[in-house]
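Biologist: Could you take a close look at one part of this protein for me? I'd like to hear about the loop around one particular residue, and then how that fits with the rest of the chain.

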Amino acid sequence: MHTHVHAPLSAVRNLGILAHVDAGKTTVTERILYATGTIHKRGEVHDGTTVTDFDSQERDRGITIFAAAVSCAWDGHRVNLIDTPGHVDFADEVERSLRVLDGAVAVFDAVAGVEPQSESVWRQADRHGVPRIAFVNKLDRAGADLDAAVASIRERLGVVPLVVQLPVGREDGFTGVVDLVRMRALLWPDGSGRYTEGPVPDGLRAEAEDRRRALAETVAELHPTALEEYCATGTLTGEALAAALRDLTLSGDGVVVLCGSAYRNRGVEPLLDAVVAYLPAPGDLPPVRGTLDGTGQERPADPAAPFTALAFKVTATPTGRLTFVRVYAGTVRKGGTVLDAATGRTERIGRILRVQADRHEEREEATAGDIVAVVGLKAARAGTTLCAPWAPLVLEPPSTAEPVVTVAVEARRGTDTGRLAAALARLVEEDPSLVVRTDPETGQTVLSGMGELHLEVAVEKIRRDRGVEVTVGRPRVSYRETVVRGVTGFVHRHVKQDGGAGQFAHVVLDVEPLSGEEGDGFVFASAVTGGAVPQEFVRAVEAGCRDALADGPLGGHPVTGLRVTLTDGATHAKDSSEMAFRAAGRFGLREALRASTVELLEPVAEVTVTVPEDLVGGVLGDLGARRGRVSGSTSRSGTAVVSAVVPLAELFGYASALRGRTQGRGTFTARPSGLSPVPAQVAAAVLGG
């Protein structure tokens, strides 16, 4: 496949594989690469040899962390796979992947159905409007039940599942599927991965016909053209059904469901056929939108349009920086110059690589719809827009969440301090959801991220890649402070007279909590009448207020969830300046907050624990001791599922505690769910300590 012929746009599919940690996502990716001939030996996550998990840590932990983009060919189409992590600590990485892919395959476990984590990734994809199809995996496992899994897709995700296959054989005896669109049976007789196609087995014929009819009926209800044909002929041809399924996938009105067992290599080829048949090509999506000097602009997915691309991942490799780039419009050649419009810097594209997991194929150019890795960019980060120097544009960068957990880090040997600083700088470059800063009080270097696992992986990476031994402090959560009861008409005068020009600013502030629907954050408004405070000074007061929010009155934590209104003020003809009003805003709000009632907030997580029923008492007791509020508990065939909202500070070390309490039979997932007030006695300990 070393031809440098570009696939036409309609023959490109950029897709992600979305799933819960254990639904078998990496195995599905691996099997796709095997089926398309990209790799010749199948890797197993079980034995740690898969291609997309190419970071040695991922192989150890058996979870995919760093989204690798792998390219392969199927049926005359170029398929770019973007592997997305399924663990919630890496939700930011998923967010960046979702920005650059056009469609997705959501993988579900045929035994467990829709798990909490699959649901949160699904919601993330909803926010981006990504068309997707579903693959119910692990049909060969004991307790696998396609109908139950489909029911959970319908109920928990609130979508219309369009099941296009019927399994042949159950559990251990699962050998293939009936394709309900073409009414053919596909069987994988042995583990080799080659399938045979034939007529539907007699024993399944009646059920297959019933399901085909139900599928055609559901599609006709959702699709006007299909409805016309259905009313006229009482059925839908295979072509009409496939065309309608594609439209419904692109509009999000239905979700095509396929099934199989990736581990046993059954059902992978039809999944690839479905990717080509139903998921969008770059040109099927609306043009990408960006801004230039505040005005919105569109760029179509056209190789001849001005070059426009988004860097979505930076990897520091032993040979230099690899920047993964999604090209939306235009064409760029090796050696070409591109502009980072946000900073005004130009960068030179050294080499363009098409990535096949840990092997790379050199390309002369990259064009609209491509996902490639570029060598030679010095400053581009995840979220940077790259464009033609003569046609600048800034695409909206992927959103990043606020980090919630912090640890202090220091080099075990004093001589390594410089190497640690360099390693931390590289980490932040690769993963924008990590933040490094120096604690002003203790002088320690602190690293913040999305969760305990996120930080463990980061520290481990420093140890492995840089050979720096690191001492890590106890994890701490990021507290916030918020206003419960504010003050009105708070007067602050900022007057300084020390020879030469003085400073004079007089402000009157109202401080009040934001109501629930306004969310958290900070809202500033001015109700000054008659020009008592000129507009440029009003902006200075707002800037000063923002300065004051950095450290609150309780424990110096950032303040959130308040509205500040400037109601009145006064200026002095000579001594008023923006600087004076900024100072007045800062010190005025700081004092106003001291006069308000302020409470401490802590990050909380929604935790779902799955344990054998006989152990549920101990788990409930333990969650109670961790200040958890249990919101539900259900049990099904000997297994209990408990959901609770637990403060993040109490979840440190929970993984090993749960393993110990349940002899390794309990598992849990946690997903951040915002901030919650800290009870008084706990707050006293936090602020005192």
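Modeller: Sure, let's go to Met183, which sits in the loop that links strand 8 (176-179) to strand 9 (184-187). Keep in mind that this is a predicted model. What catches the eye here is the backbone: Met183 has a phi near 50°, so the value is positive even though the residue isn't a glycine. Is Met183 buried or exposed? Its relative accessibility comes out at 18%, and because the cut-off for buried is under 20%, Met183 counts as buried.

There's another residue worth putting beside it. Asn265 also has a positive phi without being a glycine, with a value near 65°. You'll find Asn265 in a loop too, the one running from strand 11 (255-259) to helix 9 (268-278). With a relative accessibility of 4%, Asn265 counts as buried as well.

Now for the chain around these two loops. The protein chain has 39 strands along with 16 helices. Of its 689 residues, 52% are buried, and Met183 and Asn265 are among them. As for contacts, take those in the protein chain with a separation of 6 or more: 72% of them are between residues 24 or more positions apart. On the outside, the protein chain exposes about 29,500 Å², and 51% of that area comes from carbon and sulfur atoms.

How values were computed
Residues are numbered from 1 along each chain as its sequence is written. This is a predicted model: local features need pLDDT of at least 70, side-chain atom pairs count only at pLDDT 80 or more; totals for chains, interfaces and linings use all residues. Side-chain values use heavy atoms; hydrogens and water are left out. Helices (H or I, at least four residues) and strands (E, at least two) are DSSP runs, numbered from the N terminus. Buried means under 20% relative accessible area, exposed over 50%, partly exposed in between (1.4 Å probe, protein chains only). Contact means heavy atoms within 4.5 Å. Accessible areas come from the Shrake-Rupley method with a 1.4 Å probe; for residues, only the protein chains shown count as cover.
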